[in-house]
Amino acid sequence: MKLDNRTAVDNKILEQVLREAARGLGVRTSGVGIVVSTSRYRTNGVAYMCNSFRSSRGWLNTDCGFFKVSLPLDLNPLRCAERFYSTARHEWAHVRDFQDQNGQGTRPFSKRVNGRRPKHDCRPEELRAYDYVDEADKRIRRNGVVIAELACAIQGVLSLRSRNRQGRER
Ligand SMILES: [Zn+2]
């Protein structure tokens, strides 16, 4: 994977959760671009079918797609880590779908109705992504250790931040 890590968490910790999130989905991970940034509360993810993406190091080629996922940093690090894992897993499933189509967009995608796209969960590409994840979850047991390690790293970032804040207030 081509990780563009915009967070204070180590690449290695993020990479192992991202790899775990891809497991069992049948997605080719090595050429896929991933941008990880932090968010205060919400976890957002979005996947794009494309051959290149703009990383902080400039444009990089991808294997049919890339996705962005945010790492929430709030006071429950384990919940943050869980949300990051499941959002990344969902986005990997979209990339698997793009790779199946060889980046051609041949399967049905949602169309705009009266200028608006249907609600997220009703889109055909979303249903396919949910199916890939469901099917994979039946076959593999996820490795909770890597999620716990991410939670510890989030805790570390949060304590560092609060120490810095106290330092400034003194
Ligand atoms: Zn989706």
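1. This is a predicted model. Helix α1 covers residues 11-22, 12 residues in total, and its first and last C-alpha atoms are 16 Å apart, close to the 16 Å expected at 1.5 Å a residue. After α1 comes G24, with a positive phi near 85°.

2. The buried residues of α1 are I13, L14, V17, L18, E20, A21 and A22. E20 is thus on the buried list of this helix, alongside I13 and L14. The cover over these buried positions includes two strands, β1 (2-5) and β2 (33-39), and two helices, α2 (77-100) and α4 (144-169). As background, an α-helix has 3.6 residues a turn, so residues three or four places apart point the same way.

3. The packing of α1 on α2 can be described in more detail. The two helices meet at an angle of about 55°, and their axes are 8 Å apart. That angle makes α1 oblique to α2. The crossing of α1 past α2 is right-handed. On the α1 side the contact uses V17, L18, E20, A21 and A22, and on the α2 side F84, Y85, A88, R89 and W92. By class, this contact has 8 nonpolar residues, no polar ones and 2 charged ones.

4. Helix α2 also packs against α4. Here the angle is about 125° and the axes are 8 Å apart. The pair is therefore oblique, since an angle of this size falls outside the roughly perpendicular range of 65 to 115 degrees and is not over 145. α2 passes α4 in a right-handed crossing. The α2 residues involved are P77, L78, C80, A81, E82, F84 and Y85, and they meet I147, L150, A151, I154, Q155 and L158 of α4. This contact divides into 11 nonpolar residues, 1 polar and 1 charged. F84 and Y85 appear in this contact and also in the contact with α1.

5. The third helix packing to note is α2 with α3 (124-139). The axes of α2 and α3 come within 8 Å and cross at roughly 110°. The two helices are therefore roughly perpendicular to each other. α2 passes α3 in a right-handed crossing. The residues in contact are R89, H90, A93, H94, R96 and D97 from α2, and E125, R128, A129, Y132 and V133 from α3. Their classes are 4 nonpolar, 2 polar and 5 charged. R89 of α2 is a member of this contact and of the contact with α1.

6. Helix α4 has 26 residues, which should span 38 Å at 1.5 Å a residue, and the 38 Å between its end C-alpha atoms agrees with that. The buried residues of α4 are V146, L150, A151, A153 and I154. The elements covering them include α1 and α2. L150, A151 and I154 are buried, and these three residues also take part in the contact with α2.

7. Q166 also belongs to α4. Is Q166 buried or exposed? Q166 counts as exposed, because 9 C-beta neighbours lie inside 10 Å and the cut-off for exposed is 12 or fewer. Q166 and A88 are 78 residues apart in sequence, and their C-alpha atoms are 33 Å apart in space. A88 itself is one of the α2 residues in the contact with α1.

8. Two residues other than glycine have a positive phi and deserve a look. C64, with phi of about 75°, is in the loop between β5 (58-61) and β6 (65-72). C64 is buried, as 22 other C-beta atoms lie within 10 Å. N102 has a phi near 55° and is found in the loop between α2 and α3. N102 is exposed, with 10 other C-beta atoms within 10 Å.

9. S37 is in strand β2. With 13 C-beta neighbours inside 10 Å, S37 counts as partly exposed. Leaving out residues up to four places away in sequence, S37 touches R6, T7 and S70. S37 and K138 are 101 residues apart in sequence, with 30 Å between their C-alpha atoms. The strand that holds S37, β2, is among the elements that cover the buried residues of α1.

Notes
Residues are numbered from 1 along each chain as its sequence is written. This is a predicted model: local features need pLDDT of at least 70, side-chain atom pairs count only at pLDDT 80 or more; totals for chains, interfaces and linings use all residues. Helices (H or I, at least four residues) and strands (E, at least two) are DSSP runs, numbered from the N terminus. The expected span of a helix is 1.5 Å times one less than its number of residues. A residue is buried if 20 or more other C-beta atoms lie within 10 Å of its own, exposed if 12 or fewer, and partly exposed in between; C-beta atoms are placed from the backbone. Two residues are in contact if their C-beta atoms, placed from the backbone, lie within 7 Å. Axes are lines fitted to C-alpha atoms, for helices over the stretch in contact, and angles run from 0 to 180 degrees between N-to-C directions. Angles under 35 degrees count as roughly parallel, over 145 as roughly antiparallel, 65 to 115 as roughly perpendicular and the rest as oblique. A crossing is left-handed if the near helix is turned anticlockwise from the far one by less than a right angle, and right-handed if clockwise. Ala, Val, Leu, Ile, Met, Phe, Trp, Tyr, Cys and Pro count as nonpolar, Asp, Glu, Lys and Arg as charged, and the others, Gly among them, as polar.
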